Amino acid sequence: MTHDTEYNFAYLDEQTKRMIRRAILKGLAVPGYQVPFASREMPMPYGWGTGGVQVSAAVLMPQDTFKVIDQGADDTTNAVSIRSFFQRTAGVRTTTATSDASVIQTRHRIPEERLTEDQILVYQVPIPEPLRFLEPRESETRKMHSLEEYGLMHVKLYEDISRHGHIATSYAYPVKVEERYVMDPSPIPKFDNPKLGNMPAIQLFGAGREQRIYALPPYTSVISLDFEDHPFEASKADHPCGLCGAIDSYLDEVITDDQGGRLFVCSDTDYCENRRNAGHKGKDAA
Amino acid sequence: MIPLLSVQGISKYYGAHIGCKDVSFDLYPGEVMGIVGESGSGKSTLLNCLAGHLPPDEGQVVFDTRTDGPRDTVTMSEPERRMLGRTDWAFVHQHARDGLRMGVSAGGNVGERLMAVGERNYGDIRGKATDWLERVEIDASRVDDRPITFSGGMQQRLQIARNLVTGPRLVFMDEPTGGLDVSVQARLLDLIRGLVRDMGLSAIMVTHDLAVVRLLADRLMVMKSGRVVEAGLTDQVLDDPQHAYSQLLVSSVLQV
């Protein structure tokens, strides 16, 4: 797609980007704290990543290389349309290779490949408030954050164990940041939770409809909440990838026919592709 | 002996209207104080001021804390006050729905206060929750049921269990038996009386039911138009009321 110069660089005007950058800086200064910001209407529906797009627009530079992940994949609707949006409005280079990207916007996944200090990972967040479904009053949850009253978060985990025998929360698993704020890591699978902590890249979280930005600076301590007798476990499907044979990556289950046939493949398409190019082969590879 | 709670000159105004005016009393450990009066007499306003839910306009509420001795809870910082609210204090609402989380299981409701003060062992929390359900006469097999499936009386007992699990020293009760039928009321009163005596609790109980205070309260305050018009031992006030309004109140009770 060609660069459309009718727009300001990366769609948003400079004052808006400045406002968002201030919120980002505040978020980085207070890791895990939800900073309110004046979220703008974006040319896409709420729930499609309006928060992530605004954060990306604020951090993108003309020399950046941009990658978009949707559930680990580079080729799904959300990923393709956001990628072309910034191609058109910012004219930045885009890529599907994790290691080539300097800004990565993601929905529901953290790349398998370890990120570096030169990269920024931007998350799309539907509901930034981890206490939302336990305490509907926003005034009350804000007070609970400021007074560090997080007993309620464990009530949710307690309910999980009492109903299912184990902590059944498998995505958007609550974490505690730097021993202070409880944070919703956006709906990433809990398999990705251990990658949040001590990550060399900057992690930014944007919630457009809810008008909140929060952030994790590099090498931040992030602990998943649990009970002493029911410790946190980063779970995944117990199979190797059918295409590349990887045993350490998060897998999607794909139904292949109506005879019960199924295929487990890496959800991170770039990771899978790299492995296959390097000669790894899974049992279902053609 | 130091009073557990010493209330001095508490006033609360709603604009020009008086909520409660110049209320003072001392409550000693193990004592149950009843507050009676008609609707709109300022009972609930007073109770909410004492429990830190409403900021009073004048006066002091001095509570004998475990660690630092007597402290004015009106001027103490909000985190400290909220900490008291989930450790040494308990608040039983008239409507169990106000005091329970209806979407969370009975065990989770009881365990919430434990988790709020830092318990992180599932087995222990569940054990204590089950134990408390039995103490308030709820079958342990219902530990995973939501309070929405409970009857009104059971909900009220669950609310009491949830409040007492951290071993508070002072319980605020706002018409704990309101809206329950008489036989359920009687069982609940019996239960509360047993718990108060066993645990050596102090309690402040707001009610308009004189039978309830007769059973539970050691001392009684009668309120009218935001002011305390008469105070004394329960039997003394009920059997020999001095103030005209107390006399009216006592004589209004239907004799069956």
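This section describes the internal spaces of the predicted model and the interface between its two chains, A and B.

One enclosed space was identified: the count comes to 1 cavity of 30 Å³ or more. The largest cavity has a volume of about 70 Å³. Its lining is formed by V92(B), I160(B), L164(B), V171(B), M173(B), I192(B), L195(B), V196(B) and L201(B). By class, this lining contains 9 nonpolar residues, with no polar and no charged residues. In chain B, α6 (152-164), β7 (170-174) and α7 (182-199) each supply at least two residues of the cavity lining, and the largest share, 3 residues, comes from α7(B).

Among the open spaces, the largest pocket holds about 1300 Å³. A total of 39 residues line this pocket, and those nearest its centre are E140(A), E149(A), H53(B), R82(B) and G85(B). Both chains contribute secondary-structure elements to the lining of the largest pocket: at least two residues each are supplied by α4 (138-146) and α5 (151-164) of chain A, and by α1 (43-50), α2 (78-86), β6 (89-92), α3 (96-99), α4 (106-116) and α6 of chain B. The greatest contribution, 5 residues, is that of α2(B). In composition, the lining of the largest pocket comprises 16 nonpolar, 8 polar and 15 charged residues. With respect to the domains of chain B, domain 1 (1-90 + 173-255) and domain 2 (101-165) both give residues to this lining, and the largest pocket therefore lies between them.

The second largest pocket has a volume of about 640 Å³. Of its 26 lining residues, P130(A), F133(A), L134(A), K156(A) and T169(A) are the closest to the centre. The lining of the second largest pocket divides into 13 nonpolar, 5 polar and 8 charged residues.

At the interface, 21 residues of chain A are in contact with 22 residues of chain B. The area buried between the two chains is about 1900 Å², of which 54% is given by carbon and sulfur atoms. Across the interface of chain A and chain B, 5 salt bridges are found. The side chains of R82(B) and E149(A) meet in a salt bridge, with an N to O distance of 2.8 Å. R82(B) and E149(A) are also among the residues that lie nearest the centre of the largest pocket.

Key
Residues numbered from 1 in each chain as written. Chains lettered and ligands numbered in written order. Predicted model: local features only at pLDDT ≥ 70, side-chain atom pairs only at ≥ 80, totals over all residues. Heavy atoms only, no water. 1 Å grid on protein atoms, 1.4 Å probe; cavity = no way out; pocket = protein on both sides within 12 Å on 5 of 7 lines; lining within 4 Å. Points joined across faces, edges and corners; volume = space filled by probe spheres on them. Helix = DSSP H or I, 4+ residues; strand = E, 2+ residues; numbered from the N terminus. Nonpolar A, V, L, I, M, F, W, Y, C, P; charged D, E, K, R; others polar. Domains from an automatic or database assignment. Contact = heavy atoms within 4.5 Å. Buried area = accessible area lost by both parts, 1.4 Å probe. Salt bridge = Lys/Arg side-chain N within 4 Å of Asp/Glu carboxyl O.
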